[in-house]
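Student: I've got a two-chain model open on my screen and I'd like to talk it through. Can you take my questions one by one?

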Amino acid sequence: MTAAESVYRLALRAYPASYRRERGDEILATLDEMQAGSPRPSPRQVASLTMSGVRERGARTTGGTRAGVWAEGCRLAAFVLLLLAAAASLFVIALDTWYSRLGIVWPGGDNVTYAPAMGTGALARSIVAVVLPLVAAWAVCRGRSAIPIACSVLAAGLFVSGAIGTGLVAGQSSQLGQEWLRNAYQLGDALVLAAPAALLCVGVRGGRQRAASRSMLWLAVPVVLAVLRIGFFASSITFWPLGALVLGWFVAARVSPHLAVAAFAVLVPALAYLLPTAIGGAMMYEYAIAVVAGASVLAIASLASAIAFGDVELDDPLV
Amino acid sequence: MREPTYFTLAALLDGPLHGYAIAKRAELVSAGRVQLAAGTLYAALERLLERGLVAVEGEEVVRGRARRYYRLTAAGGEALQAEATRLSEAASVVSSHIPLPAPEPAT
C-alpha cells in the first residue's frame, strides 16, 4: 500500500461504514488512476473525500429534509454540550486532585493557590456532575432520547437547587468577590446543563423516532478535554475549547447544514458562560474570543435562517 | 443543476464510462474548467443514481478492484437537454442583446 492510498483510506473513514463497503474500493481505484503514479497524496483529493464523507453522513442522518437537519443539528448540539459539561466537571476534579491533593504543578503554572482542595462533599457533588452528563452522553450514543433528557433535567435541577456545582466554575466561585459575576457564572452553568434537554426535545419532535447511534469512543472526549485543559489552564488559556468551536464552525458550516445548526445551538449557552468571563475577567484574549464568538453567532444565525427559508439546498449539497 | 453535475452527465453522452474516465471526459468537454475530485465525483454520481438520471451499466475487476460503468438514462438525457436549453436561453439574453435607443434629452 502506497503512502497516498493509506492517507486516502484514512480520509474515507469520514464516510458511513456502509458507504465505504459499497464504494470504497471503487473510489480508491479511481484515485489510483488520478494519481498517475505519484506516491504522494493530493491535499485536494483528501479535502474532497473528507467533506463529501461528512456530507454523506449528514444526508443519511438527516434524511435530506429540513426537519431532519434541525433535529439532527439539535441532537448533535445536545451531545456536544453534554460532553463539554462532563469535561468541565472532570477538569475540576483533576485540578483538585493534581494541584491541591498531590501538589503537582504544571510547568509554568501557579495554580496551587488558585484551587484550594475541595471538601469531601464538594468532591462527591462534582463526581455527580460528571456522571450525569456522561450517562446522558452514553444514552445519546445508543440513539436514546428519554434517558439523556431525564439526566439533563436532573442535573440542571440539582444545580439550581444548589445540590451540585457543575464544575464549570466550581473552585473559582469561592474566590470571586463580585456577587453579579458569581450569579452570571451560575446562570451559564444552568443553561449548559438544561440546554441538552431542550435541544433533545426539539430533536425528538422534529426528527425520526429513533436517532442515529454514535460510536462510544466519543465518551473519551471529556477525558481528553479535561487533561488538555489542565495543561492550558496552567498557562491561563482557560477557554480554548470555545475558541476552537468558533473556528471549527467556519469549516463545519460549509460542509453540512446540520453542523451549522449544531454549532449555533452550542454557542448560545456557551456564550452565556463566556461573556461574563470576558467582562469580569482580566485577559485580553477573552475579549477577543467573545468578539469572534459574537460575530459567529450572527453569521450562524444568518445561515440558519437561510436554511429555514430554503436558500440552502439540503437534499444534495453538491449536486 | 450545478456545473459538476452538468458536466458529469455531459461526459456520459457518448456512452457508459467508469469513474476516472468520467472525470477526464468532464475536464475535456468543459475545456479544463471542471476538474472533478474523487469525493465530488462520487457524491454527484450517488445523487444522480438516486434520482434515476444515471444507472450502473456493468462492473469489471481491474487490478483486484471493482470498476463500475455508468450510463445516462432516458430521464438523465432529458434533464441534461433541459438544462442545456435553459443555459442557452440564458446566454442568448446577453449574446443577442440589442441595445435600446438612447433616450432623447429632455428639452
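What follows is a chat about the two chains, their folds and their contact.

Student: Before we start, what kind of model is this, and how many helices and strands does chain A have?

Tutor: This is a predicted model, so keep that in mind as we go. Along the sequence, chain A reads α-α-α-α-α-α-α-α-α-α-α. The count is therefore eleven helices and zero strands.

Student: And which pattern does chain B follow along the sequence?

Tutor: Chain B mixes the two kinds of element, with four helices and three strands. Put in sequence order, that gives α-β-α-α-β-β-α.

Student: What share of the residues counts as buried in chain A, and what share in chain B?

Tutor: A residue is called buried here if 20 or more other C-beta atoms lie within 10 Å of its own. For the 319 residues of chain A, the share is 44%. For the 107 residues of chain B, it is 33%.

Student: Among contacts between residues at least 6 apart in sequence, what percentage joins residues at least 24 apart in each chain?

Tutor: Take chain B to begin with: there, 45% of such contacts join residues at least 24 apart. For chain A, the figure is 78%.

Student: Can we zoom in on one residue? Is Val221(A) buried, exposed or partly exposed?

Tutor: Val221(A) sits in helix α8 of chain A, which covers residues 221–234. Its C-beta has 16 other C-beta atoms within 10 Å. Buried takes 20 or more and exposed takes 12 or fewer, so a count in between has its own class. Val221(A) is therefore partly exposed.

Student: How far apart in space are Val221(A) and Leu83(A)?

Tutor: In sequence, 138 residues separate Val221(A) and Leu83(A). Going C-alpha to C-alpha through space, the distance is 6.9 Å.

Student: Now the start of chain A. What is the handedness of the crossing of α1(A) and α2(A)?

Tutor: The axes of α1(A), residues 3–12, and α2(A) come within 11 Å and cross at roughly 145 degrees. Ala4(A), Glu5(A), Tyr8(A) and Leu12(A) of α1(A) meet a set of α2(A) residues that includes Gly24(A), Ile27(A) and Leu31(A). By type, the residues of this contact split into six nonpolar, two polar and two charged. As for handedness, the crossing is right-handed.

Student: Which element gives the most to the side of chain A that touches chain B?

Tutor: The contact uses 21 residues from chain A and 19 residues from chain B. On the chain A side, α2 (17–35) and α3 (43–62) each supply at least two residues. That side holds nine nonpolar, four polar and eight charged residues. With ten residues, the top contributor is α2(A).

Student: At what angle does α2(A) run to β3(B)?

Tutor: Look at where α2(A) meets chain B: the helix lies across β2 and β3. Relative to β3(B), it runs at about 85 degrees.

Student: Let's do that sheet. Which strands of chain B stand at the edges?

Tutor: The sheet is open, its three strands come in the order β1-β3-β2, and the pairing is antiparallel. An edge strand has a single partner, so one side of it is left without a neighbour in the sheet. The two strands in that position are β1 and β2.

Student: How many bridges join β3(B) to each of its partners?

Tutor: With β1(B), there are two bridges, and Leu17(B) stands opposite Tyr70(B). On the β2(B) side, Val56(B) also stands opposite Tyr70(B), while Val54(B) has Leu72(B) as its bridge partner. The number joining β2(B) to β3(B) is eight.

Student: Which residue in the turn between β2(B) and β3(B) has a positive phi?

Tutor: β2(B) and β3(B) make a hairpin with two residues between them. The phi in question is about 50 degrees, and the residue is Arg63(B).

Student: Last one: how many residues of α1(B) are buried?

Tutor: Helix α1(B) spans residues 3–11 and is mostly covered. Among its buried residues are Pro4(B), Tyr6(B), Phe7(B) and Leu9(B). The buried residues pack against β1, α2, α3, β3 and α4 of chain B. Out of nine residues in the helix, the buried ones number seven.

Terms used: Residues are numbered from 1 along each chain as its sequence is written. Chains are lettered from A and ligands numbered from 1 in the order in which they are written. This is a predicted model: local features need pLDDT of at least 70, side-chain atom pairs count only at pLDDT 80 or more; totals for chains, interfaces and linings use all residues. Two residues are in contact if their C-beta atoms, placed from the backbone, lie within 7 Å. Ala, Val, Leu, Ile, Met, Phe, Trp, Tyr, Cys and Pro count as nonpolar, Asp, Glu, Lys and Arg as charged, and the others, Gly among them, as polar. Two strands pair if DSSP finds at least two bridges between them. Axes are lines fitted to C-alpha atoms, for helices over the stretch in contact, and angles run from 0 to 180 degrees between N-to-C directions. A crossing is left-handed if the near helix is turned anticlockwise from the far one by less than a right angle, and right-handed if clockwise.
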